[in-house]
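Please walk me through this structure step by step, explaining how its parts are held together and where its side chains lie.

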Amino acid sequence: VQLQASGGGLVQPGGSLSLSCTASGSIISINDMGWYRQAPGKQRELVARITSGGSTNYADSVKGRFTISRDNAKRTVYLQMNTLKPDDTAVYFCNADITGPWASRRAYWGQGTQVTVSS
């Protein structure tokens, strides 16, 4: 199983970016999916998660600015980031709780994508 993230880049404060992450491989079902981020010198933190049924939760710092969504048919999770702030600068990682063959279940991580908010 692999998670391939795309998107990110450099944006000015107040701007927008979108991230996507697609799962591939021997997958029976995908449970929760989410985005985490890690800024230099800080621990990795939850940004947003979404269940297979579409229920979401967000870090307080991004509520009202970020939107997580998913397309189950495409095995893809998205993160739309609006009104970006310099504090949003970090490496963003996607995460998915995946059930594979023989009822195996574990969390997988994508490779990380850099988001830089700077003027």
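In this predicted model, Cys-21 and Cys-94 are both buried, and the two residues form a disulfide in which the sulfur atoms are 2.0 Å apart. The link joins distant parts of the chain, since Cys-21 belongs to strand 3 (residues 17-24) and Cys-94 to strand 9 (residues 90-99), 73 residues apart. The angle about the S-S bond is 50°, and the link of Cys-21 and Cys-94 is right-handed. A search of the whole structure finds 1 disulfide. In general terms, a disulfide is a covalent bond between the sulfur atoms of two cysteines.

Strand 3, which holds Cys-21, also takes part in an open sheet of 4 strands, whose order is 1-3-8-7 and whose pairing is antiparallel. The edges of this sheet are strand 1 (2-7) and strand 7, each of which pairs on one side only, and the twist from one strand to the next averages 15°. Strands of a sheet pair through backbone hydrogen bonds, either parallel or antiparallel. Strand 1 and strand 3 run antiparallel and are joined by 6 bridges, with Gln-4 standing opposite Thr-22 in strand 3.

At the other edge, strand 7 pairs with strand 8 (residues 76-81) in the antiparallel sense, again with 6 bridges, and Phe-66 stands opposite Met-81 in strand 8. Along strand 7 (residues 66-71) the side chains alternate between two faces: Phe-66, Ile-68 and Arg-70 point to one face and are buried, whereas Thr-67, Ser-69 and Asp-71 point to the other face and are not buried. Strand 7 and strand 8 form a hairpin with 4 residues between them, and Arg-75 lies in the loop that joins these two strands. The phi of Arg-75 is near 55°, a positive value in a residue other than glycine, and Arg-75 counts as partly exposed because its relative accessibility is 30%.

A positive phi is also found at Ala-103, where the angle is about 60° although the residue is not a glycine. Ala-103 is placed in the loop between strand 9 and strand 10, and with a relative accessibility of 68% Ala-103 counts as exposed.

The charged side chains offer another way to follow the chain, and the count of salt bridges comes to 6. Arg-37 forms a salt bridge with Asp-88, the closest N and O atoms being 2.9 Å apart. This pair links distant parts of the chain, with Arg-37 in strand 4 and Asp-88 in the loop between strand 8 and strand 9, 51 residues apart. Arg-37 and Asp-88 are both buried, and for Arg-37 the relative accessibility is 6%. The side chain of Arg-37 also meets that of Glu-45 in a salt bridge, at 2.8 Å from N to O, although Glu-45 is partly exposed, with a relative accessible area of 36%. These residues belong to a network of salt bridges that links Arg-37, Glu-45, Arg-65 and Asp-88. Another salt bridge is formed by Lys-63 and Asp-60, whose closest N and O atoms are 3.1 Å apart, and here both Lys-63 and Asp-60 are exposed.

Charged groups also meet aromatic rings in this model. The charged end of Arg-44 sits over the ring of Phe-93, 3.7 Å from the ring centre, and the charged end of Arg-106 sits over the ring of Tyr-108, 3.9 Å from the centre of that ring.

What remains is the contact of aromatic rings with one another, of which the structure holds 1 pair. The rings of Tyr-36 and Trp-109 have their centres 5.0 Å apart and their planes at 65°, so the pair is edge-to-face, given that planes over 60 degrees apart count as edge-to-face. Because Tyr-36 lies in strand 4 (residues 29-38) and Trp-109 in strand 10 (residues 105-109), the pair ties together parts that are 73 residues apart in sequence. Tyr-36 counts as buried, at 18% relative accessibility, whereas Trp-109 counts as partly exposed, at 40% relative accessibility.

Notes:
Residues numbered from 1 in each chain as written. Predicted model: local features only at pLDDT ≥ 70, side-chain atom pairs only at ≥ 80, totals over all residues. Heavy atoms only, no water. Phe/Tyr/Trp six-rings, centres within 6.5 Å; stacked < 30°, edge-to-face > 60°. Buried < 20%, exposed > 50% of the residue type's maximum accessible area, 1.4 Å probe, protein only. Lys NZ or Arg CZ within 6 Å of the ring centre and 35° of its normal. Pairing = 2+ DSSP bridges. Disulfide = S-S within 2.5 Å. Axes fitted to C-alpha atoms, helices over the stretch in contact; angles between N-to-C directions. Salt bridge = Lys/Arg side-chain N within 4 Å of Asp/Glu carboxyl O.
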